[in-house]
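Reader: I have a structure open and want to go through it piece by piece. Can we start with how strand pairing is counted?

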Amino acid sequence: MAAFAHASDPTGTSSPEPPANTTTASQRESGPENPSGGADDLASRARGTGEDAGEASPAEVRKARNVALDQPISSEEASRPASEPADPNSAAPASAAAAEADREAPTTEAQEDVAEPAADAGAAEQPPAPAEAASPTPATEADDDGPDSPAPFVLLGTEVPPATSTRLAWAPSQSFEGIYSATPVLVVNGAEPGPTLCLTAAVHGDELNGVETVRRVLYNLDADKLKGTVVGVPIVNLQGFHRSSRYLSDRRDLNRYFPGDPGGSSASRIAHSFFHEVIKHCSAVVDLHTGSFYRTNLPQLRGDLRNPQVVKLTESFGSTVVLHSEGSAGTLRRAAVEAGIPAVTLEAGAPMVLSEDSVSHSVKGIRTLLNHLDMVSKFSLWGDPEPVYYNSTWQRAPEGGIVFSSVSLGQVVRKGDLLGTVTNPITNVRTEIRSSYNGRILGMALNQVVQPGFATHHIGIQAPQEQISAPEDVPVAPTGEPEAGAPAIDTPDAGPEPPPASAEDEDFEADPAPADAIEDDMAAAEE
């Protein structure tokens, strides 16, 4: 089992001894004054200054400690600050020990007072010597670690040492003080260097399968055996989650405002805060979603298949259907790709309910991805590759009434096949819904009352292989920008343009009305 870290006790008292399985991780932690690898640059950026490291400030990097993740925590512990400044904590035990030694040996203290002027005089005669002796020490230690030694991962102003798991917290800066609850951010920083994979869920607050998926993946990672870092945000839209709503409290869809605007609407500010404080620190993103408005989805990946790094992600999920989609403007996935961070959406199941089949499929897919990215060493093969669909369309109810489906998710259909019926409960007139295409059922409406034109069945149309770009490795460095030499995200050379979508192919990803408009259309974007 993995262990998660919390900050040391804000009261200054010593923290409880970590369990046996975290001892090795604790021994690997580098001291706050001598971080390994490139931690100096990360720490300087997070602190805002590299000079006054010992002086506490709001932007100072803090350090986490390991606790057993599989053990529930009390509400008191959960309410503690995510972390405390690393330098004061590390100095406190030494100061306490020195004070205790002074009390036990009063005679020695007097002798030291007599010798003190001589020591000061010696120090005054050659002030440069201590500085020259002290400076090579960190460099020597860094050289001993070697070029592949992992650096502490810095996120949300907290330094997470190698082989450490921690719970952090993110809250939009625009929220009312004391009203907005912080969103948990789970981090597992491996013992060896590698990519930084971010898993996000509940960007729409009523989509629950992703919440459980992130919990299962993160809580079962072993930091000692992990290469790279996994960041998990199980509930991005905490406002909507508390109200069992897809939207933010102002009825805006958060997944139409990324990468956000610090001076825009409330949704834009929240999106900007999350994107720049969390997403841009990662080298790949998997955004978990479900169907919307009483619709359910076959587990499927959505990504821009013109991007070679996105293709690499989609091919690494094992036996999971892939649907080509750029993503609507403002979606987290599209904003990440445009920022140079390969990203995919994993759709599975329906909103407002937990599906064990959907969660199990998603967890297995993400674990397979970790394996293909060489972040975990366990080798496994998961079924045969699923087809790739480069286009899709929705079949719609010709009349209003009660819809009853005659097909199931994943079923292959031919043109003219019966998909379902719509029955008028007053006149008892029954109307058939038949497929206009050859393809596969990727999503469908649950049996319910519908209006004429309601999208009932989502049919994927398989792509010719030549339309899919060749895969390319995911970058290791979480820079938020394409690596040197990497192809641009939206260049003509990245792959062929997708076929133009017809007016009928909304795919629940159509661009919304004006950015600040309320999305009341039942055929609004799923993702």
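Author: Two strands pair if DSSP finds at least two bridges between them. Keep in mind that this is a predicted model.

Reader: Fine. What does the secondary structure of the protein chain come to?

Author: The chain has 13 helices and 21 strands.

Reader: And how much of the chain is buried?

Author: Buried residues account for 48% of the 527 residues. As for contacts between residues at least 6 apart in sequence, 75% join residues at least 24 apart.

Reader: Let's look at β11. Which residues is that, and how many of them are buried?

Author: Strand β11 covers residues 295-303, and nine of the nine are buried, so the strand is largely enclosed by the rest of the structure.

Reader: How many bridges join β11 to β19, and in which sense do they run?

Author: There are three bridges between β11 and β19 (residues 439-445), and the two strands run antiparallel. Arg295 stands opposite Ala445 of β19.

Reader: What about β13?

Author: β13 (residues 343-349) is also antiparallel to β11, with four bridges. Asn297 has Gly349 of β13 as its bridge partner.

Reader: And β12, parallel or antiparallel to β11?

Author: Parallel, over four bridges, with β12 at residues 321-324. Leu301 is paired there with Val322.

Reader: Which helix makes a unit with β11 and β12?

Author: Helix α11 (residues 308-315) does, and the three make a right-handed β-α-β unit.

Reader: Changing topic. What is the strand order in the open sheet of four strands?

Author: The order is β18-β17-β15-β20, and the pairing is antiparallel.

Reader: Which strands stand at the edges?

Author: β18 (430-434) and β20 (448-450) do; each has a single partner strand, so one side of each has no neighbour in the sheet. From one strand to the next, the twist averages 35 degrees.

Reader: How many bridges hold β15 and β20?

Author: Three bridges join β15 (residues 401-405) to β20, and they run antiparallel. Val403 has Gln448 in β20 as its bridge partner.

Reader: Now the cysteines. How many disulfides are there?

Author: Zero.

Reader: Why is Cys198 not bonded to Cys282?

Author: The sulfur of Cys198 is 4.0 Å from that of Cys282, its closest cysteine sulfur, and that is too far for a bond. The cut-off for a disulfide is a pair of sulfur atoms within 2.5 Å. Seen from the other side, Cys282 is in no disulfide either, and its nearest cysteine sulfur is that of Cys198.

Reader: Cys198 and Cys282, buried or exposed?

Author: Cys198 is buried, at a relative accessible area of 0%. Cys282 is buried as well, with relative accessibility of 0%.

Reader: Next, α10. What does it reach from its first C-alpha to its last?

Author: Helix α10 has twelve residues, 266-277, and reaches 16 Å, close to the 16 Å expected at 1.5 Å a residue.

Reader: Which of its residues are buried?

Author: Ala267, Ser268, Ile270, Ala271, Ser273, Phe274 and Phe275 are buried in α10.

Reader: What covers those buried residues?

Author: The cover includes three strands, β6 (164-170), β8 (192-200) and β9 (227-233), and two helices, α9 (238-242) and α12 (332-338).

Reader: What about the loop between α9 and α10, where is Pro259 found and what is its peptide bond like?

Author: Pro259 is in that loop. The peptide bond from Phe258 to Pro259 is cis, with omega near 5 degrees.

Reader: What is phi of Arg251?

Author: Phi of Arg251 is near 70 degrees, which is positive in a residue other than glycine. Arg251 is in the loop between α9 and α10, and at 33% relative accessibility the residue counts as partly exposed.

Reader: Last one. What is phi of Ala163, and where does Ala163 lie?

Author: Phi of Ala163 is near 60 degrees, a positive value in a non-glycine residue. Ala163 lies in the loop between β5 (158-160) and β6. With 1% relative accessibility, Ala163 counts as buried.

How values were computed
Residues numbered from 1 in each chain as written. Predicted model: local features only at pLDDT ≥ 70, side-chain atom pairs only at ≥ 80, totals over all residues. Heavy atoms only, no water. Buried < 20%, exposed > 50% of the residue type's maximum accessible area, 1.4 Å probe, protein only. Expected span 1.5 Å × (residues − 1). Contact = heavy atoms within 4.5 Å. Right-handed = clockwise from strand over helix to strand, strands pointing away. Axes fitted to C-alpha atoms, helices over the stretch in contact; angles between N-to-C directions.
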